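Me: I am new to reading protein structures, and I would like to go through one slowly, with questions and answers. Could we begin by looking at it together?

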Amino acid sequence: MNFRFYFFSLFREIFVPHHRSLEFRAKVLAAMLVAKKVVNEDDYSLIREIAIEIYGADKKRIEVLIKTVREYVNNIKTLKLATLDDLLIGVDSEIKDVHRYVKKIDFAHLRRLMIDSDDEDALVQQYVYEYMLGEVERYSNA
């Protein structure tokens, strides 16, 4: 994506245990946010709540997850260095390599990030949600 992102990714690899799992979760959560036209601080508050549910009292991992989600969203929404499709292809690739990652997709968390209206954003988010369902179905028995 960009040099800064790769630098922070390398930093996470060195200093954060199980960083690949955390990056995978960040991609899944970021995909739901990228599907919206406008991402705001309320969305990141929800990401924080989800991160606390996942990592409990591990503040370092919580902050790294939130920062990583922000980076993915920024790289796609602002910098236009990638697309939602690129993110979803990355999710598929990682699941293909590490089948147990399907267990890291929590659909209750994804539903919390979904919009409750009938606009275009909701349709794109529904597409992302269904894509994740398909990934879980495809790889959970592999």
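The questions and answers below go through this predicted model, from the whole chain down to single residues.

Me: How many helices and how many strands does the chain have?
Reply: Reading from the N terminus, the elements of this predicted model run α-α-α-α-α-α-α. The count for the chain is therefore seven helices and zero strands, with helices taken as DSSP runs of at least four residues.

Me: What percentage of the residues of the chain count as buried?
Reply: A residue counts as buried when its relative accessible area is under 20%. The chain has 142 residues, and the share of them that count as buried is 46%.

Me: Which helix supplies the largest share of the largest nonpolar core?
Reply: The largest nonpolar core has 42 residues, and those with the most contacts inside it are Val 69, Ile 105, Leu 110 and Met 132. At least two residues of this core come from each of α2, α3, α4, α5, α6 and α7. The largest share, 10 residues, comes from α2.

Me: Which residues does Met 132 contact, leaving aside its neighbours within four places in sequence?
Reply: Met 132 is one of the residues with the most contacts inside the largest nonpolar core, and it is also among the buried residues of α7. With its neighbours within four places in sequence left aside, Met 132 is in contact with Val 28, Ala 31, Leu 88, Val 91, Ile 105, Phe 107 and Leu 110.

Me: How far apart are the end C-alpha atoms of α7?
Reply: The helix α7 has 20 residues, and at 1.5 Å a residue it should span 28 Å, because the expected span is 1.5 Å times one less than the number of residues. The distance in the model agrees with this expectation, since the end C-alpha atoms of α7 are apart by 29 Å.

Me: How wide is the arc that the buried residues of α7 cover around the axis?
Reply: The buried residues of α7 are Asp 121, Ala 122, Gln 125, Val 128, Tyr 129, Met 132, Glu 135, Val 136 and Tyr 139. What covers them includes α2, α5 and α6, while Glu 120, Leu 123 and Glu 137 are exposed on the other side of α7. The buried residues lie on the same side of α7 because the arc they cover around the axis is only 140°.

Me: What kind of aromatic pair do Phe 107 and Tyr 129 form?
Reply: Phe 107 lies in helix α6 and Tyr 129 in helix α7, 22 residues apart, and the pair links distant parts of the chain. Both Phe 107 and Tyr 129 are buried. Their rings are 5.3 Å apart centre to centre, with 75° between the planes, and because planes over 60 degrees apart count that way, the pair is edge-to-face.

Me: Is Glu 94 buried or exposed?
Reply: Glu 94 lies in helix α5, and, leaving aside its neighbours within four places in sequence, Glu 94 is in contact with Arg 20, Phe 24, Lys 27 and Tyr 101. Its relative accessible area is 17%, and because the cut-off is under 20%, Glu 94 counts as buried.

Me: How far apart in space are Ser 140 and Lys 103, C-alpha to C-alpha?
Reply: Ser 140 lies in the segment after α7, and Ser 140 counts as partly exposed because its relative accessibility is 40%. Ser 140 and Lys 103 are 37 residues apart in sequence, and their distance in space, C-alpha to C-alpha, is 7.9 Å.

Conventions
Residues numbered from 1 in each chain as written. Predicted model: local features only at pLDDT ≥ 70, side-chain atom pairs only at ≥ 80, totals over all residues. Heavy atoms only, no water. Buried < 20%, exposed > 50% of the residue type's maximum accessible area, 1.4 Å probe, protein only. Core = buried A, V, L, I, M, F, W, Y, C linked by side-chain atoms within 4.5 Å. Contact = heavy atoms within 4.5 Å. Arc of directions from axis to C-beta. Phe/Tyr/Trp six-rings, centres within 6.5 Å; stacked < 30°, edge-to-face > 60°.
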